[in-house]
Amino acid sequence: MTTYPLMLKPALKSSLWGGTRLIKEFGYSGKDIVAEAWVLSCRADGAAIIQNGALKGTALSDAIALWGNDALGKRAASSPQFPLLIKLIDARDKLSVQVHPDNDYALRVEGEPGKTEMWYVVDCNPGAELIYGFNRDLTKDEFRRHIENGSLLEVCNFVPVKKGDVFFIEAGTLHAIGGGILIAEVQQNSDITYRVYDYDRRDSSGNPRQLHIQKAVDVTNTSTPNHQKTLNTETIDGGTIKTLAQCEYFTCCLLTVNSAITINNLDSFCSLLNLEGECTLETENAKLILKKGSSIFLPAGMGAHITSTAKQPAKILYSYI
Ligand code: ZN
């Protein structure tokens, strides 16, 4: 069966800390409050749905089951499950302080892959900040004591953020998204989170959220985080490609399309998420209009030509493995 670029409708998730920006600014519909939009997801608990062509109305995972490994590319095909999960997150209020295990620990203890992730700050309120690791080196015992006596925030590294900032959150890095931040998150396809502090908040039934202290102590890297690597920006015909993160699990770039650019075919599927501006995407067999929030799955081996159609340049998050 012939592959083609898939326009995806994200699965929407509500949470007490979510807001309305993903509805009002990104055009998603179906809920009043949206905390997360899973724009590239093959998960049963939040499937992205195809909106165009012969497979319209079916899940992304159905297309991959039908098309087979050719649509995934060699590396993704060798992964036991679909390797990536990409979300937009609207944190009106702050999220819990948490950590994710690496593959070794997660496969051994949870039977699922671990999670390394990357954040791209799409927008934020003035003064917004997030937690990225510790502000000094701790021992595991000190980490545990700070969790147990309620003084964890004293040793957290609070970082002020601005639009366009990037955070690479290797498995084992303590982190929390702060209030007033809208981020795009690219991550390994895993849902394993160990929560260590939730600001003593209660859920809608009045219960405190469950913490996972022992597992968090097991997996957390308690030294201060490494500084961010300098990111490489390449100027191409019609725009730029800025590398935001590159690791064994994914590569993520920001495409800025001033006029028109071509992305080459890769031996990997690609995810394209339009964050700003408007453009058209043309492949050998399709032409799609991308608005703010549009999410595309481009099958492996398929290149594309992207043309900006608005005054401002289009900004597109471009991810592959
Ligand atoms: Zn996380």
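How many residues lie between β16 and β17 in the hairpin that they form, and which residue in the turn has a positive phi? To find out, bear in mind that you are looking at a predicted model, and begin by selecting the two strands, β16 at residues 233-236 and β17 at residues 239-246. Two residues separate them in the hairpin, and Gly 238, in the turn, has a positive phi of about 90°. The two strands are antiparallel and are paired over four bridges, one of which sets Ile 236 against its partner Gly 239 in β17.

Keep β17 selected and add β18, residues 251-257, which runs antiparallel to β17 and is joined to it by seven bridges. Gly 239 can serve again as a landmark here, since its bridge partner in β18 is Val 257. This pair also forms a hairpin, with four residues between β17 and β18.

Next, move to the open sheet of four strands, and colour them in the order β19-β24-β21-β22 to follow the antiparallel pairing across the sheet. The strands at its edges are β19 (260-263) and β22 (286-290), and because each has a single partner strand, one side of each is left without a neighbour in the sheet. From one strand to the next, the twist averages 20°. For a closer view, select β21, residues 279-283, which is antiparallel to β22 and joined to it by five bridges; within this pair, Glu 282 has Lys 287 of β22 as its bridge partner.

Now turn to the open sheet of six strands, which is antiparallel in its pairing and reads β2-β3-β7-β14-β9-β12. At its edges you will find β2 (11-13) and β12 (166-169), each of which pairs on one side only, and here the twist averages 20° from one strand to the next. Inside this sheet, select β9 and β14, which pair in the antiparallel sense over seven bridges, and then show Met 118, which stands opposite Val 186 in β14.

With these strands still displayed, look for the second largest pocket, whose volume is about 430 Å³. Strands β3 (36-40), β7 (84-91), β9 (117-124), β13 (175-176) and β14 (181-188) each supply at least two residues of its lining. The lining comprises 23 residues, and those to show as sticks are Trp 17, Glu 36, Lys 87, Gln 98 and Thr 193, which lie nearest the centre of the pocket. If you then colour the lining by class, you should find seven nonpolar, seven polar and nine charged residues.

Definitions and conventions: Residues are numbered from 1 along each chain as its sequence is written. This is a predicted model: local features need pLDDT of at least 70, side-chain atom pairs count only at pLDDT 80 or more; totals for chains, interfaces and linings use all residues. Side-chain values use heavy atoms; hydrogens and water are left out. Two strands pair if DSSP finds at least two bridges between them. Axes are lines fitted to C-alpha atoms, for helices over the stretch in contact, and angles run from 0 to 180 degrees between N-to-C directions. On a 1 Å grid over the protein atoms alone, a cavity is a set of points where a 1.4 Å probe fits but cannot get out, and a pocket is an open set with protein on both sides within 12 Å along at least five of seven lines; lining residues have an atom within 4 Å of a point. Grid points are joined across faces, edges and corners, and a volume is the space filled by probe spheres set on the points. Ala, Val, Leu, Ile, Met, Phe, Trp, Tyr, Cys and Pro count as nonpolar, Asp, Glu, Lys and Arg as charged, and the others, Gly among them, as polar.
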